[in-house]
Amino acid sequence: MSDLVGWTRGSHTARGETHDTYRKGSGPGVVLVHEIPGITPEVIRFADDVVTRGYTVVMPRLFGRPGARATTGQLVRSIGQICINREFVKLRAGVTSPVTDWLRSLARSLHVELGGPGVGALGMCLTGGFALAMMVDESVAAPVVAQPALPAAIGAVRKADLGLSPTDLATVRRRVAEGCPVLGVRYRDDPATGTRFETLATELGDGFIRVELEGKGHATLTAHRQQVAVDRVLAFFDERLRPGGSSA
């Protein structure tokens, strides 16, 4: 837990579900949803970058042990938690994971508290597509999809699927058409992301801002971090969450 020094632990409850949260910073709100195996030191490092930029960051804990290193043991334990957790849709296409209802509520409450044009929402890997589901709520003004990996990229249909119900996908299309772009970041040859970026480009057109990195890697903002990806995400938050698009 030493890496979480300075972060305030809290919780949020919605629709009968409660998850711990970790909060730090001031300024417009950003909900940062961790990857497997959890809120690792690398995730915290990126979150601290967002805080330093001038944002209030809230990290929900959905699985894993906060602050723990990304060891094989932690990875196995987290995968075990996810496999039995009905809040996550792992294999079915055309379905939104139920946990995103809770995440929308968290984003909405943060926006009500902090005001401004909206909040940022960023998911990574297993949670990468959750930012799309969160933007169904009008409170989310800066959705970032980082290496989305659900549903598991097995077969052509799942590889292309965005992890959204048809109704939610229609809402995402409408919001993008009304001026809320989506930023996507991945390694170009990352097999875990399947063909989802192609789907996003087809569905959202110019409203999908596509950032693809060269080389071998998966975790664009954490374990395989490239500063160009970090900088683009921070700039996107500035553009969308600050009047005039200026950084702190």
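How much space lies in the largest cavity? Hi everyone, that is my starting point today, and please keep in mind that this is a predicted model. The answer is about 100 Å³. Eighteen residues, or 18 on my slide, line that cavity, and the closest to its centre are Ser-97, Phe-130, Leu-150, Leu-162 and Gly-163. By class, the lining has eleven nonpolar, six polar and one charged residues.

Now to helix α8, residues 227–241. With 15 residues at 1.5 Å a residue, α8 should span 21 Å, and its end C-alpha atoms are indeed 21 Å apart, so the two agree. Among the buried residues of α8 are Val-233, Phe-236, Phe-237 and Asp-238. What do the buried residues of α8 pack against? Their partners are the strands β3, β5, β6, β7 and β8, along with helix α1.

On to salt bridges: the structure holds 22 of them. My favourite pairings involve Arg-104, which is buried at 11% relative accessible area. Arg-104 meets Asp-101 with the closest N and O atoms 3.0 Å apart; both lie in helix α3, three residues apart, about one turn of the helix. Arg-104 also forms a salt bridge with Asp-168, again at 3.0 Å from N to O. Asp-168 sits in helix α6, so this pair ties together parts that are 64 residues apart in sequence. Asp-168 is buried at 11% relative accessibility, while Asp-101 is partly exposed at 30%.

Back in the sequence range of α8, Glu-239 pairs with Arg-232 at 3.6 Å. And one last item: Arg-186, Arg-188, Glu-198, Arg-210, Glu-212 and Glu-214 are joined into one network by salt bridges that share partners. Thanks for listening!

Terms used:
Residues numbered from 1 in each chain as written. Predicted model: local features only at pLDDT ≥ 70, side-chain atom pairs only at ≥ 80, totals over all residues. Heavy atoms only, no water. 1 Å grid on protein atoms, 1.4 Å probe; cavity = no way out; pocket = protein on both sides within 12 Å on 5 of 7 lines; lining within 4 Å. Points joined across faces, edges and corners; volume = space filled by probe spheres on them. Nonpolar A, V, L, I, M, F, W, Y, C, P; charged D, E, K, R; others polar. Helix = DSSP H or I, 4+ residues; strand = E, 2+ residues; numbered from the N terminus. Expected span 1.5 Å × (residues − 1). Buried < 20%, exposed > 50% of the residue type's maximum accessible area, 1.4 Å probe, protein only. Contact = heavy atoms within 4.5 Å. Salt bridge = Lys/Arg side-chain N within 4 Å of Asp/Glu carboxyl O.
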